[in-house]
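Q: I am new to this structure. Can you show me how to read its features, one at a time?

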Amino acid sequence: MAMFLLCGVALYNLSDASALSLNSTNSSVVNNSSVINTTNTSSPNTSSQLKTSQLKTNLISSSVQSTDSVAPTVKTVDPTNNAVNVAVDKVINVTFTEPIQAGTGWIELVTSSGTVVPITWSINGTVLTVTPSSVLSKGVKYLLLIHTGSVTDLTGNNVTGYVSRFTSSTDSVAPTVKTVDPTNNAVNVAADKVIKVTFSESIKAGTGWIELVTSDGTIVPTNWSISGNVLTVTPNSTLSKGVKYLLLIHTGSVKDLAGNNVAGYVSRFTADATAPTVKVVDPANNAMEVVLSKVIKVTFNESIKAGTGWIELVTSDGTVVPSNWSISGNVLTVTPNSTLSKGVNYLLLVHTGSVTDLAGNNVAGYVSRFTADATAPTVKTVDPANNAVNVAVDKVIKVTFSEPIQANNGWIELQSSNGTVIPITWSINGNVLTITPNSTLSKGIKYTLLIHTGSVTDLAGNNVAGYVSRFTTVSPSPYLQATKNCQSTNAQIIALSKSIIANASATTTYTKAVAIFNWVRDNIGYSFYSNTKYGAVGTLNAKTGNCVDTTHLLIALERAAGIQARYVHGYCKFSTAWYGHVWAQVYVNGKWYAADAVSSRNTFGVINNWNTATATIYGTYAELTF
Ligand SMILES: [Ca+2]
Ligand SMILES: [Ca+2]
Ligand SMILES: [Ca+2]
Ligand SMILES: [Ca+2]
């Protein structure tokens, strides 16, 4: 007898079941696993199992060694308990909580009416597999009975009795083929065709065979798979041109989910026997102006592969142009090893059999011709158009060419009519040249755009010819112009206008206009006479004037500040009498403001020294004639 001492407790290694029973009151005595096996398999009795359980508890708590005393239980069963619509060819799997072995009790499958169904069963690890010896009956309730002790765990602990129930499917209709692709008797089937057979219901693999054979009986290796109600058959190699194939779905090779066998089925088709043809070629046959970096693409009506002939690019004088070529799907790409030469005629020769379709049908010989670009780009349109007038001063100039262009020597100029070169920036996008002056253009000026020879070229390098376009910007406002008596460009007027604005710290058009008005109203005295006597500069120097001269000065100062201003002539009732009268209107933010600077009673936009309600207005004017 071996003896262990652990945690101060003496442990005895028991050699037989009687010793185990005798030690039923001593929880400190444990057995080894071989003893327990012996005990449980030779005399399964309740007291020894209970004792084993107690012993195991002690063993685990003492962490010496594991001795299993827990019976295996069913973890899952397939079909699940009370399952319905179970296939009549169902194989039953019962998964236990631990590996099992055969015991001494029985495993049975019986109908609800008590008829025993012949079965075979086997164990693999934790799984008990129960196979009915023949297909089940339709619509019958079955009970799987795993009797106590029919299986045990590996230490001999008996399973307790277990029952699971299921009802077999009532489906007795065999699956049938609904559609097949390629359709029966199809011709010109692509060489890489994957065959799909769609059934009337979901299917599963059966026991018969699925075959693809040629009409002379040769078997074509395939793989096949099932997804839902679709059987997919994939030949291991491409089909051969013009060969007739038979797809054979033998009886029982697939079944519906209830286990009903498909009936035998045959479908026939013939593989592609038609040569591939060219659908499009780029550059098109006889194309001109082909860019020198052109990569040639020949698109066929179906996927192709390399054949045995040659593909050549030659010049019209027969020189072979070294090229590489490749195939992707239905596109043959031919890439010359160097850029093409301007104006040269090229021939692409796709010789017979140089490519084939996937079934091996040779392409027929094919020739396409094109000429490399030898034509200079020309201006198609220019915006603003040549000799356009009233062009906005912030205009961006766009020149559209007959073809895409690229920068060459880049000599592009914009000049004003006096020959001054205007700084510009320019850019190219496709066939459009965009020219942007670096600052706003002047009003009322004629400009000339010069695109010098060779400033740009087409993508083949052909130089643009020299090109000139002219346009005139929009005229300046008459309400900003200097006139004989409104000398808004006079240095003294300009200096005063600036200082008034600066002294008022005016930054907006409105505050500038008001500051100028206030200065004239407050600094120019009134003299009574008719028509112009001094003009704007004279009035400033005299520091006095009538309504006409005061208005000349006001308008000149406003115009010098870049603010539009005009004259108004009317017949107005003053406090004592009616007089002919002149005053100003000043344009600010889309509105003309009345500005009469002869009276300190007036403010910008407001007239108080005569009756505006009864006045007769003769008109408004950029310049006065009196
Ligand atoms: Ca166990
Ligand atoms: Ca069915
Ligand atoms: Ca073909
Ligand atoms: Ca060209």
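Q: What covers the buried residues of α5?
A: Start with what is hidden, then look for its neighbours. This is a predicted model. The buried residues of α5 are A513, V514, A515, I516, F517, W519, V520 and R521. Their cover includes three helices, α4 (491–503), α6 (535–542) and α7 (547–560). Strands β48 (578–588) and β49 (591–595) also contribute.

Q: Why do spacings along a helix matter?
A: An α-helix has 3.6 residues a turn, so residues three or four places apart point the same way.

Q: What span should the 15 residues of helix α5 have?
A: At 1.5 Å a residue, helix α5 (residues 509–523) should span 21 Å. Its end C-alpha atoms are 21 Å apart, so the two values agree.

Q: Which protein atoms are donors of the calcium ion (ligand 2)?
A: List the residues, then the atoms. D171 gives two OD entries and E201 two OE entries. V173 adds its O and D256 an OD. These donors lie 2.1 to 2.7 Å from the ion. Along the chain, their spacing reads D-x1-V-x27-E-x54-D.

Q: Which parts does the pair V173 and D256 tie together?
A: V173 lies in the loop between β13 (162–168) and β14 (177–181), and D256 in strand β23 (residues 254–256), so the pair joins parts 83 residues apart in sequence. V173 is exposed, at 54% relative accessible area. D256 is buried, at 0%.

Q: What is the site's geometry, regular or irregular?
A: Check the angles. Among the six donor atoms they run from 52 to 159°, and the site is irregular.

Q: How many disulfides are there?
A: Zero. Take C547: the closest cysteine sulfur, in C572, is 8.7 Å from its own, too far for a bond. C547 is buried, at 9% relative accessible area.

How values were computed: Residues numbered from 1 in each chain as written. Chains lettered and ligands numbered in written order. Predicted model: local features only at pLDDT ≥ 70, side-chain atom pairs only at ≥ 80, totals over all residues. Heavy atoms only, no water. Donors = N, O, S within 2.8 Å, 3.2 Å for Na, K, Ca; no water. Tetrahedral: all angles 85-135°; square planar, octahedral: opposite > 155°, others 65-115°. Helix = DSSP H or I, 4+ residues; strand = E, 2+ residues; numbered from the N terminus. Buried < 20%, exposed > 50% of the residue type's maximum accessible area, 1.4 Å probe, protein only. Expected span 1.5 Å × (residues − 1). Contact = heavy atoms within 4.5 Å. Disulfide = S-S within 2.5 Å.
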